[in-house]
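Colleague: I've got a model open and I'd like to learn how to read it. Could you walk me through it?

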Amino acid sequence: MARRHKLDTTYHDRRLARRLKEDPEFRAEFERQRREIDQIDSIVRQLDTLREQAGMSKAELARAIGKEPSSIRRFFTADVNPELKTVAAVADVLGAEVKVVATKKTRARKARSRDRRAAA
């Protein structure tokens, strides 16, 4: 019987924690990438929920958008960065649409910029 060894990541975890604490540029980039990943994961989870609610298998969805079933399985299960074209096609087949919504931070930044231009 083969033994499974748990990967010890404590050194890397400590190193990451130290860099996040000591390097503001590294921390900002890390947080930006984390937000990107979270947004992509959220979209994929929502599309998978819609697929399940529609009673559609991954293979059926793949056929509906002209993709190989394996690519749609990876789309929903692997840590991938899906093509926007595929995201839009999946959403369309499931009766949904993909939208970009400005965050409160973006709206506040835009308002400040507008106020500066008006003051000039």
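Colleague: Where do I start, and how many helices and strands are there?

Modeller: Helices (H or I, at least four residues) and strands (E, at least two) are DSSP runs, numbered from the N terminus. Here the chain has six helices and zero strands, so along the sequence the pattern reads α-α-α-α-α-α. Bear in mind that this is a predicted model: local features need pLDDT of at least 70, side-chain atom pairs count only at pLDDT 80 or more, and totals for chains, interfaces and linings use all residues. Residues are numbered from 1 along each chain as its sequence is written, and side-chain values use heavy atoms, with hydrogens and water left out.

Colleague: What share of the chain is buried?

Modeller: Buried means under 20% relative accessible area, exposed over 50%, and partly exposed in between (1.4 Å probe, protein chains only). Of the 120 residues in this chain, 13% are buried.

Colleague: Let's pick one helix. How do I judge the span of α2?

Modeller: You compare it with an expected span, which is 1.5 Å times one less than the number of residues. Helix α2 covers residues 24-53, 30 residues in total. From first C-alpha to last it reaches 43 Å, close to the expected 44 Å.

Colleague: And what sits at either end of α2?

Modeller: At the start, a side-chain oxygen of D23 comes to within 3.1 Å of the backbone nitrogen of E25. Just after the helix, G55 has a positive phi of about 70°.

Colleague: Which residues of α2 are buried, and what covers them?

Modeller: A general idea first: an α-helix has 3.6 residues a turn, so residues three or four places apart point the same way. In α2 the buried ones are V44, L47, D48 and R51. Their cover includes α3 (58-65), α4 (69-77) and α5 (84-93).

Colleague: An aspartate in that list! Why does D48 count as buried?

Modeller: Because its relative accessible area is 17%. As for neighbours, a contact means heavy atoms within 4.5 Å. Leaving out residues up to four places away in sequence, D48 touches K58 and F76.

Colleague: Does α2 show up in any pocket? Which helix gives the most to the lining of the second largest pocket?

Modeller: That's α2, with six residues. Both α2 and α4 supply at least two residues each to that lining.

Notes:
A polar contact is a pair of N or O atoms within 3.5 Å; within protein, one must be able to donate a hydrogen and the other to accept it, and residues adjacent in sequence count only if both atoms are side-chain atoms.
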